[in-house]
Each structure stands twice: as structure tokens, then as C-alpha cells.
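This briefing is prepared for a reader who has the sequence and the coordinates at hand. Please consult both alongside the points set out here.

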Amino acid sequence: MISRENKLKEEFTTEIEKLKNLIEDIEKSSEKHGLLEGALKESQEKYKALFDVIPFGIMELDEDRMVISVNKQVLEIFDCRQRDLVGNSLENVEIFKNKEIKNYFDFLDHSIIEKRQFSTELKLLDKSGSSIYVELNYYIHKKDNKIKSVYIIINNITERKRIEDEIKYLRFHDQLTELYNRSYFDEEIKRLNTERQLPLSIVIGDINGLKIINDAFGNNEGDRLLKIVSDIFKKVCRREDIIARYGEDEFAVLLPATSKELALEIKNRIKKMCEKVSKKEFPFILSLGVSTKESREQQFSEIIISAKDSMYRNKLISGKNTPGSVVFSLVDSLLESGYETREHTKRVEKMASELGRALRLSKSKMDELSMLASLHDLGKVAIPDN
């Protein structure tokens, strides 16, 4: 599509060049001989028709930057009237009163003009203050090595920029949590892994038993938990920190210019908020590990390994590294929510035990039956209160 637009612009400017030169030649001939008035009128009409139907905004300036003419597309792009532009010097047009834009329009200084055409993209503000992005292509019409006029072909690329920004966002963000993804995080490590950013710390967190939550209650509940945890990271971490969903059930935070002591403080704040939210919303356990690069000689890959080792040690020390711990924390949540009483659960366990003995089940089967009796109402945790 873009190449087709460029082709149209080139065809238009070529045609304009021919018509301008033809009109000037006819005008000279008419002055000398009083002839060819019909040809002059026909060329001018053709020029005007071409000017109005081209699917881009066209603005024509003279050598003093005075706006000579604009087509209707320009008026639509900038939401203005013809009198706001035509007859005014470019510096006096409200929408172009901008230092950055003024620099671009300094191309009319003869000493810096080397090419007959060039282009740029600019961000402008319309009357309502909304941002619009335009692509400006400049075409300089010369006669006898002097500038006769300048055409600015204006293309509204606001929608194109929006799509580009959206694609860029999706490329670097995790769609579920809206955190950065692993690819972006790895790129940021390369960018920030400099002596100027030392000490450079990292916090890595892992949700225990996410798979069993997905299996027991469905992926929607697992996704909800991931969003809960990502929101905790967003609330606790600072604006300059890089937060990413590092894996299926892992999160990572890159902390530039952050000492190990401060990184540990941030880790503890995350842990406390997780414990608070776990009791209130959804029972879960997040294991965390921290490591810090303090000297240029250290490899950051080793820092990541150190943070993961710290995280796994925390899992082992807490004794909550098995999926069963998540299940029983869900059972506690079930009982605390008032869905069932502990007495009811005990009665079911007793009845199941009597049934097992009557069936002469083995010791291992009796243990399984006892556990099933304890967990038989676990699915009710996923049912909304209402």
C-alpha cells in the first residue's frame, strides 16, 4: 500500500512539473504573440482537476513561503477553512506554529537545498488538541535554477501510526498481564547491563502450583491469579523498574541502580502484599529470589541463576513447594468462606472410613479415600458468592 502511495505521489509531481512548465511556456508565448489562449486555459483546467482529485493533501507555496493554494484534502486533514491557509505565510498558519516544524520548513533557504524532493513525518495538534501524525513530502519546482514554487504533499498517517504502535506493544508485552514479555526483558538487560547502572538487581518470583489450579478450576482461574500477581508487582515496584512475565508462572523485575538491601526490601513488600491478597482473594504462594550485580566483572547470566537458586531455596525452606500445599490452602479457604463446616467434612471422612473398612480396602486405598473425603467439595471455591 505504501509503495502504491509513493508511486501516485511521483506520478502526480511528474505531471505537475510538466503542466507547470507547459503553462509557463504558453504564458511566454501568449505574451509575445497573443496566441494559444485556448491551450493555456485547457492546461490550467487540467492542472486544477488533477490538484483536486489526487488522494493526498496538496499545499503549494511560493518562494517566500506564502501559501498559494491548497486542495480539499488539506482542509479535511487539518479541519480548517481555505482562508485560514491561502494567502498566509506558512509561519502564520496556526497549526504549523511549532519550532520543530519551522526547522523542517527552513528548506526554502537556498543555501541548504540540494535535492528537489525529500520527506519527513511530524506530529501535530488539531483544533481540539488531539494528536495527528502526517507524512510530508516536499517537491521543489525550479525554473532557470530558481525556486518557483514548493509542493507539500500531506498524507494523514494517524491510523497507520496507531497500528504500528499497537503491533510494537503486542511485540513487547504479555497480552494477559500487560507486563513486558521475556523478549523485551532480555533486551532491557542488554541495555541496562552497564557500569553506570550498577548495582543492578533482579527479583524473580514463581507461583507455586499454578498447574494444579488450572487443572482443578480451569484456565480462567489460573489467568485470574496471574493478573492478581501482576497487579501486585505493578503496585509495589517503581516506575523505572522493568517488570516482566518471565515464564508461564514466573515473574521478574529488573532494578537499575538498586542495591541488594533495597532489592530485598522491595521483595519483602511484594511478599507481604501477596500474603495479604492471598487471604482476601485467592489462596496462593509466591516464592521469591533476589540477586545483585555489584561489579563490572560479574556476568548477569550468573546473577539470574543466583536469583533463581535463592527462589528455589525459599520454596524448600517454607516447605510449600508441593502442589498439595496449594490444594490444602484452598480447602482452608473453602471452610473459611462458610460453604461447608469443618464438622461436615469430619462426618464425611468418618463415613468414608467406615465404608472403606467394610469393603476391606488396603491401607493405601484407605488413605486415598480419606483424602478424597477431605477434598470432595473443593470445586465450590470457584463458585462466586452470589
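The points that follow concern a sheet, the helices packed on it, and a surface patch.

The model is predicted. It contains an open sheet of four strands with antiparallel pairing, on which helix α9 packs, as does helix α10. A nonpolar surface patch is made by L355, L359 and L361.

**Sheet**

- The order of the strands is β7-β8-β6-β9.
- Strands β7 (242–245) and β9 (286–293) form the edges, each pairing on one side only.
- From one strand to the next, the twist averages 15°.
- Strands of a sheet pair through backbone hydrogen bonds, either parallel or antiparallel.
- Strand β6 (residues 200–207) runs antiparallel to β9, and eight bridges join the two.
- G205 has L288, in β9, as its bridge partner.

**Helices on the sheet**

- Helix α9 (residues 219–236) touches β6, β7, β8 (250–255) and β9 as it packs on the sheet.
- The direction of α9 makes about 10° with that of β8.
- Helix α10 (residues 260–280) also packs on the sheet, where it touches β6, β8 and β9.
- The direction of α10 makes about 170° with that of β9.

**Surface patch**

- The patch made by L355, L359 and L361 covers about 290 Å².
- L355 lies in helix α13, which spans residues 342–358.
- L355 counts as exposed because its relative accessible area is 51%, and the cut-off for exposed is over 50%.

Methods
Residues numbered from 1 in each chain as written. Predicted model: local features only at pLDDT ≥ 70, side-chain atom pairs only at ≥ 80, totals over all residues. Heavy atoms only, no water. Patch = residues over 30% accessible without salt bridge, like charges linked within 9 Å, V, L, I, M, F, W, Y side chains within 5 Å. Areas by Shrake-Rupley, 256 points an atom, 1.4 Å probe, with all protein chains shown as cover. Salt bridge = Lys/Arg side-chain N within 4 Å of Asp/Glu carboxyl O. Buried < 20%, exposed > 50% of the residue type's maximum accessible area, 1.4 Å probe, protein only. Pairing = 2+ DSSP bridges. Axes fitted to C-alpha atoms, helices over the stretch in contact; angles between N-to-C directions. Contact = heavy atoms within 4.5 Å.
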